[in-house]
Amino acid sequence: MARLLDVKELETRFFTENGVVKAVNHVTFHVDEGETLGVVGESGSGKSVTMLSLMKLIPQPPGKVTGGEALFQGRDLVQMNQNEMREIRGNNMAMIFQDPMTSLNPVLRISTQIMEALELHLKLNKQEARDRAVELLRMVGIPAAEKRIDDYPHQFSGGMRQRVMIAIGLACVPQLLIADEPTTALDVTIQAQIVDLVKDLRSEIGMAIIWITHDMSLLASLADRIMVMYAGEIVEVAPVNQLYENPRHPYTIGLLRSIPRLDSREHERLQPVQGFPPDLIDYPTTCPFMPRCPYAISQCVQDPDLEEVGDRHFVRCWVKPRGEKVLAHHHRVREIT
Amino acid sequence: MLSYIIRRTLVSIPVILLMAFVVFYLIRQVPAGPFDFVGDRALPPAIRENLEKRYHLDWPLMWQFTSYVVGDDVALGVCNVAGFIPGCDIIKETPEGVSRGLIRGDLGESMKQRGRSINTIVGNSFPVSLQLGILSIILGLLIGIPAGVLAALRQNSWVDYLASFVAVLGLSIPSMVIGPVLIVVFAVKLGWLPAAQWGAPPPYTLGIIPPLTWDFFKHTIMPVIALGTGLSASIARLTRASLLQVIREDYIRTARAKGLKERVVIVRHALKNSLIPVVTILGPMVAGVVTGTFVIELIFAIPGMGKYFIDSITNRDYTLITSVSVIYGVLLVAANMLVDITYGWLDPRIRLD
Ligand SMILES: Nc1ncnc2c1ncn2[C@@H]1O[C@H](COP(=O)(O)OP(=O)(O)O)[C@@H](O)[C@H]1O
Ligand SMILES: [Mg+2]
């Protein structure tokens with residue numbers, strides 16, 4: 001499959017009063033056409049900032065992409081100016097966000113909010129844009145779409161609003177959809193519906209997806225590969241089965257352990273990764289995970305590089321422990337989801 | 001919408017009547033009455049008594065107010081039918097006076113400018129005050145909103161600092177200073193503009209719209225600037241703060257993610273939201289403009305209603321005070337209703353029913 005997005009050594013900083021926040025550090029990854037890449041990591045690990053950097057949506061100041069390149073369909077997004085980027089945003093590359101309650105403009109009709117992208121990028125006239133918007137709403141499963149299209153966001157439920165967001169994201173049939181925790185704010189049954197919807201649409205449209213989440217179990221049935229981020233770095237990336245069955249980074253192992261066991265009868269205690277992530281202003285020169293790492297050795301005072309340990313499987317760790325069979329329960333999670 | 005307006009109007013009637021009663025009552029508690037003096041001369045007791053009778057000042061207070069609200073004929077009629085009501089014994093003796101009743105559209109007769117109907121006084125002076133007030137608010141919005149938007153978009157640039165500086169200046173210099181300064185510069189020194197009076201006498205089209213002549217404008221420019229700068233300063237500050245807040249909202253990021261031009265993002269997605277708090281302060285602002293017109297009308301010798309309001313208090317012109325207060329009350333109620341309607345139009349989450 002052809003490369004759609006190729007990110008190399010991406011680096012994003014926030015220049016704040018308290019110091020320089022090293023939010024994204026030498027991030028290197030790629031997405032192939034039609035592929036779904038899952039991105040996990042605890043809150044603050046730089047998932048959103050990485051994607052916003054690609055979209056050129058970092059608030060600037062204080063933020064700035066300070067290094068690296070990001071080839072999208074062969075063109076470097078980092079070097080582009082806002083005008084060039086605007087033609088790609090919402091057109092070839094779309095992004096949907098975590099909170100559907102705040103991500104739609106409360107004072108504009110749904111019709112306006114969908115149609116404006118169509119009129120802008122596809123040069124449709126009002127009537128064509130409206131017809132297409134109704135079609136999109138139907139596609140994302142909004143009942144009575146031709147009636148609801150002139151409603152305001154507050155007249156929709158959270159799940160319905162996220163469907164509207166997806167309709168906006170897919171309006172111009174992008175080659176890449178970035179979904180930043182699109183289901184985190186929704187309750188579990190709605191989450192599953194949204195995931196199913198995206199799976200259907202993905203095969204229909206054939207787009208690539210970057211799906212950010214901190215819920216690993218959700219990715220099992222959705223992603224082709226998973227990328228794990230910690231403190232603004234990529235610590236492990238691997239095909240989905242490989243990552244679940246043979247995780248090699250201590251942080252990934254910790255994350256997998258913290259997934260609730262759906263098959264357990266009693267309310268079993270989760271085992272979250274102990275400790276806290278490092279201060280991104282006073283960034284350690286050691287491996288950033290070292291203070292929390294049960295496998296740490298003396299070599300870990302140096303930050304390791306990403307190393308290939310198997311087919312498309314990369315790990316940033318000196319130890320690269322073999323995951324014990326703590327993950328056996330996980331297969332059941334995958335069968336259920 | 002229409003039913004909302006009707007309902008709001010009906011609800012506000014008791015409020016205005018209560019306010020009228022409070023003014024009606026309080027002014028009568030202030031020492032000295034309307035007929036104690038004419039100029040410096042004390043009136044002979046006999047004449048004074050006659051006059052007080054004419055305006056029913058000898059009636060019990062509740063009956064005075066009743067007759068102010070519904071008219072003498074109704075008050076007398078009630079007493080003729082049901083004479084047992086306390087106070088009716090006094091009332092039945094008296095001839096019918098001048099009040100036709102507020103609810104029948106009669107604001108009464110001035111006690112000091114004897115024989116002059118307050119309807120005529122208000123009819124001639126209120127439109128002038130209203131023109132001054134409305135034009136000042138329009139100026140405030142026309143300068144304040146763009147200045148605030150510009151300052152927000154160029155946050156922490158020299159444009160922002162300049163706008164903030166001018167806004168603080170505009171807020172801290174009261175109109176009673178700006179007014180005379182304008183007069184000295186543009187009327188006295190340069191002789192470009194007239195220092196006083198109003199350029200177009202009533203009657204006006206639809207009772208309010210002035211003729212759009214140069215004569216009208218040259219008389220309006222300075223008073224409107226004097227009153228409007230303070231308004232534009234507070235509107236600019238609020239618009240700036242509100243827009244800076246809105247720009248950080250998630251839906252603005254969504255709009256940018258669509259690839260919209262920055263101008264479209266601001267105008268279509270941010271501006272309407274950021275005007276919601278601006279509209280909310282317009283209600284209280286109208287009250288401020290009303291008091292502002294008192295001062296400005298005095299400085300520029302504008303024949304508006306403010307002069308009558310102030311004179312009526314010093315003169316103890318009981319009826320005029322009450323009726324002018326009622327007019328201001330109605331104005332504030334109407335302004336707040338307009339604000340709420342605008343608010344509902346800007347923000348679809350607010351339902352007006
Ligand atoms: N506007 C900003 N100013 C300063 N720091 C920021 C800003 N936005 C994000 N950051 C920092 O960047 C880091 C990564 O954030 P983010 O990418 O949102 O994490 P997540 O993985 O939860 O999406 C966080 O430590 C956050 O504090
Ligand atoms: Mg995030």
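In this predicted model, helix H1 of chain A supplies the largest share of the shell around ligand 1, contributing three residues. Two elements give two or more residues to that shell, namely strand S1 (3-16) and helix H1 (47-55), both of chain A. The shell comprises 14 residues, and those that come nearest to ligand 1 are A:Gly44, A:Gly46, A:Lys47, A:Ser48 and A:Val49. In terms of residue class, the shell around ligand 1 holds six nonpolar, six polar and two charged residues.

The polar contacts of ligand 1 can be followed residue by residue. At A:Ser48 the partner is an N or O atom of the side chain, which lies 2.7 Å from an oxygen atom of the ligand, whereas at A:Val49 a polar backbone atom is found 2.8 Å from an oxygen atom of ligand 1. The backbone also takes part at A:Ser45, where a polar atom is 3.2 Å from an oxygen atom of the ligand. Taken alone, ligand 1 exposes 560 Å², and 67% of that area is buried by the protein.

From the ligand we turn to the empty space inside the protein. Rolling a probe the size of a water molecule over the atoms reveals where such space is left. Across the whole structure, the search finds four cavities of 30 Å³ or more. The largest cavity contains about 170 Å³ of space, and of the 16 residues that line it, B:Tyr55, B:Ser67, B:Tyr68, B:Ser99 and B:Thr319 are the closest to its centre. Helix H1 (2-29) and helix H3 (61-70) of chain B are the elements that give two or more residues to this lining, and H3 of chain B gives the most, with three residues. Sorted by class, the lining of the largest cavity has five nonpolar, seven polar and four charged residues.

The second largest cavity, with a volume of about 70 Å³, is lined by residues from both chain A and chain B. Chain A contributes A:Gly90, A:Ala94, A:Met95, A:Ile96, A:Ala117, A:Met165, A:Ile168 and A:Gly169, while B:Thr254, B:Ala257 and B:Lys258 come from chain B. The elements that give two or more residues to this lining are strand S6 (93-96) and helix H6 (158-170) of chain A, together with helix H10 (250-257) of chain B. By class, the lining of the second largest cavity divides into seven nonpolar, three polar and one charged residues.

Conventions: Residues are numbered from 1 along each chain as its sequence is written. Chains are lettered from A and ligands numbered from 1 in the order in which they are written. This is a predicted model: local features need pLDDT of at least 70, side-chain atom pairs count only at pLDDT 80 or more; totals for chains, interfaces and linings use all residues. Side-chain values use heavy atoms; hydrogens and water are left out. On a 1 Å grid over the protein atoms alone, a cavity is a set of points where a 1.4 Å probe fits but cannot get out, and a pocket is an open set with protein on both sides within 12 Å along at least five of seven lines; lining residues have an atom within 4 Å of a point. Grid points are joined across faces, edges and corners, and a volume is the space filled by probe spheres set on the points. Helices (H or I, at least four residues) and strands (E, at least two) are DSSP runs, numbered from the N terminus. Ala, Val, Leu, Ile, Met, Phe, Trp, Tyr, Cys and Pro count as nonpolar, Asp, Glu, Lys and Arg as charged, and the others, Gly among them, as polar. A residue is near a molecule or strand if one of its heavy atoms lies within 4 Å of it. A polar contact is a pair of N or O atoms within 3.5 Å; within protein, one must be able to donate a hydrogen and the other to accept it, and residues adjacent in sequence count only if both atoms are side-chain atoms. Accessible areas come from the Shrake-Rupley method with a 1.4 Å probe; for residues, only the protein chains shown count as cover.
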